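Q: Before we look at individual features, could you take me through how to read a model of this kind, one feature at a time?
A: Gladly; let us put the sequence and the structure side by side and begin with burial.

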Amino acid sequence: METLFIKLDNKNPDTVQWVVIDEAGNPEATVRQGSLTEAREFVHQRRVVCAIPGTDVYLDHVNLPSSRSRRKLQQAVPFALEDDLAEDLDDLQFALGREQTMTPAETEDGPSQSLINLPVAVINKQRLRAYLDRLAEAGIKPHVMMPDVLAVPYQDNEWSVCIDDKSALVHTRPQAGFACDLENLPFMLEAALNTGDEQKTSPAQIRIWNHNGAAPPLSVDSEIQVDLIEQDTLPVVTLARGYKKDQHINLLQGEFSYRQEYGKLLKPWQLPGALLLTLIVVLFTSNFIEYKRLQSQQTELQQNMVDLYRQAFPDARNIPDPKRQMEDKLKEAGAASSSESPFLKLLNYVGTEISVNPQIKITSLSFNGNRLDVELSVPELATLDALKQKLDQHTDVATELQSASTEGDTVKGHLRISQR
């Protein structure tokens, strides 16, 4: 995915610089400068990275036990830096970088606890929200908000400095550096070289990306090589070239992260969503129960049809589809042979009427001469009477109700159908 790299300016908020970075990480030749509204036209289907002035962000690092989870590290970092910060901790946003495991030091009691060196970026929450509000007004939603210091091109064992007309950005380690006014650069650079952790990793070379035009006011140790690279493009080009996903610290963490934002948006819908899910589960369960009941009823009806078929055709062995097989048998011995086979004729009449009413079950069947005796089980006497009336509509048969009795919830009946 391509990246839209935008450089924001706190001194001139109405003007920004931006450049498109292709999927290989190379910035396009065309560099643009204008309003955020104009930059919005380049957002479509691109990852948006916004670099904010390093003077608004305090970069530091802390050493913490490596056994802590990321969440616990997030909670511990503010207190580890409390003495170095003048503002109230609640007013500050702490963003964690990519930790590095440190080698445990040897003590008289053996090796000490393993620690991690954790880069941290600190910014005032109100200031960060102000940047986000400016972007939101222009319709831009950034994926990454980072200090521009960490976008200055960087190589191991080197320090990189990006200079423009008024300020300087110094990138000292993959996730460390500082920003200052141009006139204070010599003092800040000397202090960084001679104090703190930077003294332990003094660079062999300082590479300067100069967008100023004039020679930068630098005075460093003669053992350190200084490589001055004059630039005739906007600083955003140098920053876009140096931007690397594994060297930046994204300020959009914690309450400013996408996850937290989406959580706030979804929170009002949690209860309706839970109720909807419960309703879906209830409907699915009731439908499943109804399906199993109908499946059991279908199995029972299928078995009744098989039993009826076996009674009519005792020699039958394979009965996969009793309804269809019964219809085929009746067709075979139907109209042409009905006069020669009274049994099939009477059975055809009975089977046709019963097939349309699954509540009627045949419990026994017998044929003697020209009459068919059928024992039935029906839910009520009216059903038995309705069956008799249906059979009486055939002029060539006579139907008699031999007996009827109630047994629990069912009625047992005996019908005799005779050929006239």
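A: A residue is called buried when its relative accessible area is under 20%, exposed when that value is over 50%, and partly exposed in between. Keep in mind throughout that this is a predicted model. With that cut-off, buried residues make up 41% of the 420 residues in the chain.

Q: How many helices and strands does the chain have, and what does its accessible surface come to?
A: The chain holds 10 helices and 20 strands. Its accessible surface amounts to about 24100 Å², and 50% of that belongs to carbon and sulfur atoms. As for contacts in the chain with a separation of 6 or more, 58% of them are made by residues 24 or more positions apart.

Q: How should I read a strand such as S1: which of its residues are buried, and which strands does S1 pair with?
A: One looks at the two faces of the strand separately and then at its partners. In strand S1 (residues 3-7), Thr-3, Phe-5 and Lys-7 on one side are buried, as are Leu-4 and Ile-6 on the other, and both faces are therefore covered. Since 5 of the 5 residues of S1 are buried, the strand is largely enclosed by the rest of the structure. S1 pairs in the parallel sense with strand S4 (residues 47-52) over 5 bridges, and in that pairing Phe-5 stands opposite Val-49. Strand S2 (residues 16-21) is joined to S1 by 5 bridges as well, but there the two run antiparallel, with Ile-6 standing opposite Trp-18.

Q: And for a helix, how do I find out which side of it is covered?
A: The general idea is one of geometry: an α-helix has 3.6 residues a turn, so residues three or four places apart point the same way. In helix H4 (residues 185-194), the buried residues are Leu-185, Pro-186, Leu-189, Ala-192 and Leu-193. Because they cover an arc of only 135° around the axis, they are on the same side of H4. Their cover includes strand S12 (158-163), strand S13 (167-173), strand S14 (176-181) and strand S15 (205-210). Helix H2 (residues 70-80) can be read in a similar manner: Leu-73, Ala-76, Val-77 and Pro-78 are its buried residues, and what covers them includes strand S5 (58-65), strand S6 (92-96) and strand S10 (115-124).

Q: How many salt bridges are there in the whole structure, and what do they join?
A: In general, side chains of opposite charge can pair when their charged atoms come close. A search of the whole structure finds 13 salt bridges. One of them is formed by Lys-361 and Glu-300, whose closest N and O atoms are 2.7 Å apart. As Lys-361 lies in strand S17 (residues 361-368) and Glu-300 in helix H7, this pair ties together parts that are 61 residues apart in sequence. Both partners are partly exposed, Lys-361 at 31% relative accessibility and Glu-300 with a relative accessible area of 40%.

Q: What about the pair of Asp-373 and Arg-416: is each partner buried or partly exposed?
A: Asp-373 and Arg-416 form a salt bridge in which the closest N and O atoms are 2.8 Å apart. Asp-373 belongs to strand S18 (residues 371-378) and Arg-416 to strand S20 (residues 410-419), so the pair ties together parts 43 residues apart in sequence. Asp-373 is buried, with a relative accessible area of 11%, whereas Arg-416, at 22%, is partly exposed.

Q: Where do Lys-388 and Asp-392 lie relative to each other?
A: They are 4 residues apart in helix H10 (residues 381-392), which means that about one helical turn separates them. Their side chains meet in a salt bridge at 3.0 Å, N to O, and Asp-392 is partly exposed, with a relative accessible area of 34%. Salt bridges may also share residues, and here Lys-125, Arg-129 and Glu-255 are linked in a network.

Q: Which residues form a nonpolar patch on the surface?
A: Leu-276, Leu-279, Ile-280 and Leu-283 form such a patch, with about 380 Å² of accessible area together. Of these, Ile-280 has its place in helix H7 (residues 270-312) and is partly exposed, with a relative accessible area of 47%.

Terms used. Residues numbered from 1 in each chain as written. Predicted model: local features only at pLDDT ≥ 70, side-chain atom pairs only at ≥ 80, totals over all residues. Heavy atoms only, no water. Patch = residues over 30% accessible without salt bridge, like charges linked within 9 Å, V, L, I, M, F, W, Y side chains within 5 Å. Areas by Shrake-Rupley, 256 points an atom, 1.4 Å probe, with all protein chains shown as cover. Salt bridge = Lys/Arg side-chain N within 4 Å of Asp/Glu carboxyl O. Buried < 20%, exposed > 50% of the residue type's maximum accessible area, 1.4 Å probe, protein only. Pairing = 2+ DSSP bridges. Contact = heavy atoms within 4.5 Å. Arc of directions from axis to C-beta.
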